[in-house]
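Colleague: Could you take a close look at one part of this model for me, and then set it beside its surroundings? Please spell out the cut-offs as you go, since I like to know what each word rests on.

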Amino acid sequence: MATAVAAIARPIQFEQASLWSDAWRRLRRNRLALVATIYLAVLVAVALVSTVWTPYRMSAIGVTQTYAPPSAAHLLGADELGRDILSRLMVGAQVSIVVGVGTQVLVLIVGVPIGLLAGYYKGWLDSVISFVINVFYGIPDILVAMILVFLLGPSLRNIIISIVVTRWMDMARLVRGQALSLREREFVEAGRAAGARPVKMLFGHILPNALGPIIVQATFGIPAAILFEAFLSFLGVGVQPPTPSWGSMANEGVASIQYAPHMVIAPSIALSLTLMAFNFLGDGLRDALDPRTRR
Amino acid sequence: MTDGGIVRAVDGVSFDLYPGESLGIVGESGSGKSMTALSILRLIPEPGRIVSGQVLFHDHDLLQLTGEEIREIRGRDIAMIFQDPQSSLNPVLRTGFQVDEAMLAHGKSKVEARERTLELLKRVRIPAPQSRYRDFPHQLSGGMRQRAMIAMGLANAPAILIADEPTTALDVTVQAQILELLADLNRELGTAIVMITHNMGVVAGLCTRVLVMYAGEIVEQGPVEQIFENPQHPYTWSLLRSIPRVDALRHERLRSIEGIAPDLLRPPSGCRFHPRCPFRIEKCFTDEPRLESVGADQKAACWVTMDRARSEMGADKLVDIRPGAASGVHPGEML
């Protein structure tokens with residue numbers, strides 16, 4: 001009874017809730033997603049801070065003993081050249097974030113329009129696009145990415161490009177599926193009957209309705225790209241020294257895992273936490289943006 | 001076209017629409033009324049297509065226009081409103097903005113559009129247009145949503161407004177309000193209205209002229225009073241007889257038209273209505289009747305017509321046309 005009264009007493013507030021504020025409210029209720037969001041905010045802050053300040057210069061050699069274990073002066077110890085690992089980890093966060101976000105921005109730019117076109121127009125265009133997508137799914141992504149980086153030269157930009165080349169299809173396929181189902185909705189017919197331009201139909205009507213799944217997909221795409229970059233760097237074709245990447249730092253540490261395990265552990269934990277955070281956030285967003293799980 | 005073959009959903013339909021007129025197109029589900037309307041704006045859903053024909057609007061054949069030209073016509077000269085206002089509005093965009101868009105698509109500026117939207121929302125009697133403008137469709141009632149759709153349809157002051165069963169998804173009192181609104185707009189703005197419906201009552205209340213469609217063809221057309229007073233096609237006659245009446249005798253059963261609408265993959269030979277027609281003659285099985293004049297401005301496609309059915313077959317005495325019921329017209333013959 002009390003709840004019923006409460007619901008009647010504040011109907012205005014509920015009605016004012018827009019799609020996004022509603023989603024935000026539900027996201028905040030998801031503890032794991034909230035913790036993940038906070039972690040990621042801290043990570044971004046650390047990456048930003050590291051552009052102007054790190055405890056030690058990340059490329060300064062011999063600030064302490066080589067392979068120094070964690071101590072008060074060097075919280076995470078030092079590597080084989082005596083560089084401060086914490087400082088390098090902080091700079092490495094920049095790389096991870098730039099790669100993760102950068103690839104997904106490009107994936108959105110490439111995948112969304114392609115998916116929209118294929119799903120909305122169907123017919124031969126869809127057949128061609130779907131074929132191309134399947135071809136890209138067929139190629140071994142690590143191999144192709146490595147070859148691309150070899151060809152283009154190992155820079156951050158080229159790593160991003162090669163990840164996009166091998167990973168844009170999930171987004172295109174998702175958007176295609178959304179467009180395929182949304183185009184049959186009556187408001188699309190109504191829009192066409194009102195004389196809306198095709199571009200307007202695609203980006204003004206279909207895209208906003210598919211935004212939820214797209215955001216979730218992009219959120220899951222970020223950790224995948226970060227992992228991919230770490231993997232490339234671990235194999236030595238990633239970000240080049242002296243710029244540290246979590247992947248290359250782990251690689252450097254592997255050789256000395258017997259007597260200086262902290263060199264592998266520190267970047268690995270940073271990587272794992274970040275991947276987990278993005279995945280929890282993605283899960284939370286999926287629940288929050290899906291109207292069927294409205295609570 | 002379907003997997004099972006080609007369906008001629010609309011065949012040989014031809015009609016005129018005059019400025020400021022309100023024309024009703026009636027028929028049961030699947031009779032091709034919606035397809036007729038959609039083909040005017042070339043909005044036939046895939047895999048359907050218009051095989052042949054003409055749609056003349058101000059002496060231009062709409063079927064010959066380029067994609068961009070027909071887009072310009074849609075919403076500006078000929079607008080359309082749909083059956084279900086719930087699904088015809090984009091759920092993630094603000095209602096007022098969607099009305100704006102109808103004008104933005106045809107070259108109005110944002111400010112102009114916004115101003116006119118508020119005017120239109122007032123015009124279609126949406127209370128508090130300022131705040132409704134900012135509402136999302138799910139925050140409006142069904143009737144209000146349909147009003148917003150009508151506002152959208154009227155946004156560019158079109159010459160023709162095609163309404164495809166605009167009241168079917170609404171409850172009865174709201175239906176009446178919407179019809180009244182459409183009648184007012186038709187009278188005051190001079191917008192010609194094409195009202196597609198299966199409801200004879202809607203036609204009677206709003207339209208001046210009516211087309212009756214059956215199985216993809218026009219079976220009868222003429223002024224509304226005439227058609228209601230003196231229907232000449234047995235299908236029209238049956239439709240009118242099947243309207244529930246408040247003043248009907250208590251024990252009288254609701255009359256229906258026996259049989260089901262034909263499968264258009266295999267339309268019946270001769271007159272398409274003959275399997276369900278209580279007055280059919282030999283000729284109906286083999287020859288297809290054409291629309292012929294049966295009165296002033298009234299045409300029907302029937303070999304018998306009701307005048308003859310009345311004088312020769314005792315149509316007025318026909319109480320129940322169900323097979324097996326004592327109709328006396330076709331004793332013992334099952335459909």
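Modeller: Happy to! Let me begin with burial: a residue is called buried if 20 or more other C-beta atoms lie within 10 Å of its own, exposed if 12 or fewer, and partly exposed in between, with the C-beta atoms placed from the backbone. Helices (H or I, at least four residues) and strands (E, at least two) are DSSP runs, numbered from the N terminus. This is a predicted model, in which local features need pLDDT of at least 70 and side-chain atom pairs count only at pLDDT 80 or more, while totals for chains, interfaces and linings use all residues. Residues are numbered from 1 along each chain as its sequence is written, and chains are lettered from A and ligands numbered from 1 in the order in which they are written.

The part I would pick is strand E1 of chain B, residues 22–26. Five of its five residues are buried, so E1(B) is largely enclosed by the rest of the structure. In a regular strand, side chains alternate between the two faces of the sheet. Here Ser22(B), Gly24(B) and Val26(B) point one way, Leu23(B) and Ile25(B) the other way, and all of them are buried.

Now for the neighbours of E1(B). Two strands are said to pair if DSSP finds at least two bridges between them. E1(B) runs parallel to strand E6 (residues 192–197) of chain B, with five bridges joining them, and Ser22(B) stands opposite Ile193(B) there. With strand E7 (residues 209–214) of chain B, E1(B) is again parallel, through four bridges; in this pair Gly24(B) faces Val210(B). One step further, E7(B) and strand E8 (residues 217–223) of chain B are antiparallel over six bridges, with Tyr214(B) opposite Glu217(B).

These strands belong to an open sheet of eight, ordered E4-E5-E6-E1-E7-E8-E10-E9 (chain B), whose pairing is mixed. At its edges are E4 (78–81) and E9 (292–295) of chain B, each pairing on one side only. Ignoring direction, neighbouring strands are turned by 20° against each other on average; the angles are taken between lines fitted to C-alpha atoms, for helices over the stretch in contact, and run from 0 to 180 degrees between N-to-C directions.

Stepping back, chain B has 13 helices and 10 strands, and buried residues make up 43% of its 335 residues. Among its contacts between residues at least 6 apart in sequence, 62% join residues at least 24 apart, a contact being two C-beta atoms, placed from the backbone, within 7 Å.

For a counterpoint to E1(B), look at helix H6 (residues 123–138) of chain A. Of its 16 residues, the number buried is one, so H6(A) lies largely in the open. At 1.5 Å a residue (the expected span is 1.5 Å times one less than the number of residues), H6(A) should span 22 Å, and its end C-alpha atoms are 23 Å apart, which agrees.

Elsewhere in chain A, the axes of helix H5 (residues 85–121) and helix H11 (residues 198–234) come within 8 Å and cross at roughly 145°. Finally, where the chains touch, the contact takes 17 residues from chain A and 23 residues from chain B. On the side of chain A that touches chain B, H10(A) gives the most, with six residues.
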